[in-house]
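Hi everyone, thanks for making time for this one. Let me put the structure up on the screen, and then we can walk through it together.

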Amino acid sequence: LAQGRLGSKDFGGQLAGPGAAALRWQPMSPPSAPPACSAQVCEFAAGELRWKPAAGAEAPVPVKLEVAAAGGDRSLLVGDRRVKLADIRGVTPLSPDFVTLQAKGLGHIGLKCKDQAALRMLVKELVKRKADYERFEQYDQSSVQSYFQYYAKLGNQQNMLQDATRTSTYRDAIVTNTSDFCGATVMDVGAGSGILSFFSCQAGASTVYAVEASSAAETVRALAEANKANLGGAEVHVINKPLETISEEDVSEKVDILVSEPIGTFLFNERMIETYLCARDRFLKPGGKMFPNLGNLCLAPFSDATLHSEQQAKNAFWQNTDFYGLDLTAAAQRSTCEHFMQPIVDYVNPDFLVSDFVTTRFDFMTATVESLHDIEIPFCFAINYPCLVHGLAGWFDAIFEGSDTTVTLSTAPWCPGTHWYQIRFLLETPLAVNGGQFIEGRLRMEANNLQSYYISISMGIKGTGIVSTAEKIDLKDPEYRFFTSANTYVPPGTASAFAPQATAGGEAVQAAAAPAVAAAT
């Protein structure tokens, strides 16, 4: 465990007991054995219209799921043959002791197993893991439609392109690593306007597959055609479909590099990183590169009485005791709860952080899709001075480890502003803490079918039994306070939504102006 300002842990480890002296690494509990059975491999005899033992496969062979290895792959082993779960196209039980599989490398085979319970468990796990690579079928379809409509609009693409920190950092990460990109085959996952595809061409890539499911793919094609002279002779193939549905006819080869900007608020909103991992499992060559390859999720407690008061006051309408002869106060508490279930997206004044931050690292080269479905982050903070702790502030880093240079895109409160801002999760009941006391607890993220997460927080003062909680915070339904409150903090050099000029010292700007509409990314 790194000490000092940046306490950190890798995702998958468990942080043991709170307190500076007790902070240490503790091994995870041993995982349960993956499902397995012994089965006879069969083939379909078209002339006889039946399944029969495959040639040379009279004896049963072991069939089992293999736990994730380096590279993040999970595989199915059938005897001495291995197939990635990402390459399994169909799992069909025909009877309690017989199942058929369709998979790249295996073809269409049958498995006959006497141990029906073992086969049932194996099939259940296979179907579950196969769904990880068909994610958009699992989501609420109105959410999916809204998602692709949003990113199809040039105005929203422009908003991201004009985020100078985001765009210039991605460009630096790509063009300063020419050893990786020169002559490489690249896949841009979620290409949007195509900007990362074009940066890859400028860095020397020979072929780029720009994968974009929305109609923004038309823009990528138009820009690629109009900028042939600026792309170094690289071939840009635009694939207008979700990554999960790409066939071998669309992309017949493995790629050297994946580039992507799969990042939402608090790193994981929109669950695009899962698509990025699917692309890794299906299309990245062994030893290939991912840009970015690491993500850091950072947390720190904050104290901000103004923000807390604003949220408390938002139930004012429901305090009305005579609304056309009706008393509305019975709904006031529900209104309060709803407002505290909203994350707050704006810039955080670094002076409002009351402890050092902790970092959880996610390695995109090895993380599995299923590991991102339920994320739990334990924490322990030493509070710097007496204060009311109003909740947790969060931000992230995206890290690009190339062969020539390492580049970091940080959205920390002391770094230049981005369109992601920072995020805060509020406690309706703050914690009154003295300097030197410890706040301990955990933040849990549970994936939902709205392409986002529900977040719950439990945090308390160590040794007192005093605990405050926030349940089912909806990461997809934030308040973009940067656009709705004149009290919001504005970092130095950043334009306020309430005044056109950039502020010099980072103070809140009080000028009145109509709030702008926030981008949903």
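Let's begin with what lines the largest cavity in this predicted model: 17 nonpolar residues, seven polar and seven charged. That lining comes to 31 residues, and the ones nearest the centre of the cavity are Y147, G190, G192, E212 and M272. If you want to find the walls on the screen, look at helices α3 (141–152), α4 (154–161), α7 (195–202) and α9, plus strand β12 (185–189), since each of these supplies at least two lining residues. The volume of this cavity is about 380 Å³. How many cavities of 30 Å³ or more does the structure hold? There are three.

Now, helix α9 comes up again when we turn to the packing. The largest nonpolar core has 104 residues, and those touching the most other members are M187, F266, F268, L443 and M445. Helix α9, residues 272–283, gives this core its largest share, seven residues. Let me zoom in on M445. Leaving aside residues up to four places away in sequence, M445 touches F266, F268, L297, H373, D374, I375, Y453, Y454, I455 and L475. There is also a second core, separate from that one, with 25 residues, including A39, V78, C113 and A118.

You may have spotted D374 among the contacts of M445, and that brings me to charges. The count of salt bridges comes to 17, and I've picked three for today.

D374 pairs with R444, and their closest N and O atoms are 2.5 Å apart. Since D374 sits in strand β20 (residues 374–382) and R444 in strand β24 (residues 438–448), this bridge ties together parts of the chain 70 residues apart in sequence. Are the two partners buried or exposed? D374 is partly exposed, at 38% relative accessible area, and R444 is partly exposed too, at 27%.

Next is R166 with E261, where the closest N and O atoms are 2.8 Å apart. R166 belongs to helix α5 (residues 164–175), while E261 is in the loop between β15 (255–260) and α9, so this pair ties together parts 95 residues apart in sequence. Here R166 is buried, because its relative accessibility of 8% falls under the 20% cut-off. E261, at 13%, is buried as well.

The third pair is D304 and R424, again with the closest N and O atoms 2.8 Å apart. D304 is in the loop between β17 (294–302) and α10 (305–313), R424 is in strand β23 (residues 422–433), and 120 residues separate them in the chain. D304 is buried at 5% relative accessibility, and R424 is buried at 1%.

This third pair also has company. D304 and R424 belong to a network of salt bridges together with E310, D346 and R481. Where does R481 sit? You'll find R481 in the loop between β27 (479–480) and β28 (495–496). Although R481 is in a loop, it is buried, with a relative accessible area of 2%. Setting aside residues up to four places away in sequence, R481 touches T306, L307, E310, I344, V345, D346, R424, N487 and T488. So three of those names should ring a bell, because E310, D346 and R424 are in the salt-bridge network as well.

That's my tour, and I'm happy to rotate the view for anyone who wants another look.

Notes
Residues numbered from 1 in each chain as written. Predicted model: local features only at pLDDT ≥ 70, side-chain atom pairs only at ≥ 80, totals over all residues. Heavy atoms only, no water. Core = buried A, V, L, I, M, F, W, Y, C linked by side-chain atoms within 4.5 Å. Buried < 20%, exposed > 50% of the residue type's maximum accessible area, 1.4 Å probe, protein only. Helix = DSSP H or I, 4+ residues; strand = E, 2+ residues; numbered from the N terminus. Contact = heavy atoms within 4.5 Å. Salt bridge = Lys/Arg side-chain N within 4 Å of Asp/Glu carboxyl O. 1 Å grid on protein atoms, 1.4 Å probe; cavity = no way out; pocket = protein on both sides within 12 Å on 5 of 7 lines; lining within 4 Å. Points joined across faces, edges and corners; volume = space filled by probe spheres on them. Nonpolar A, V, L, I, M, F, W, Y, C, P; charged D, E, K, R; others polar.
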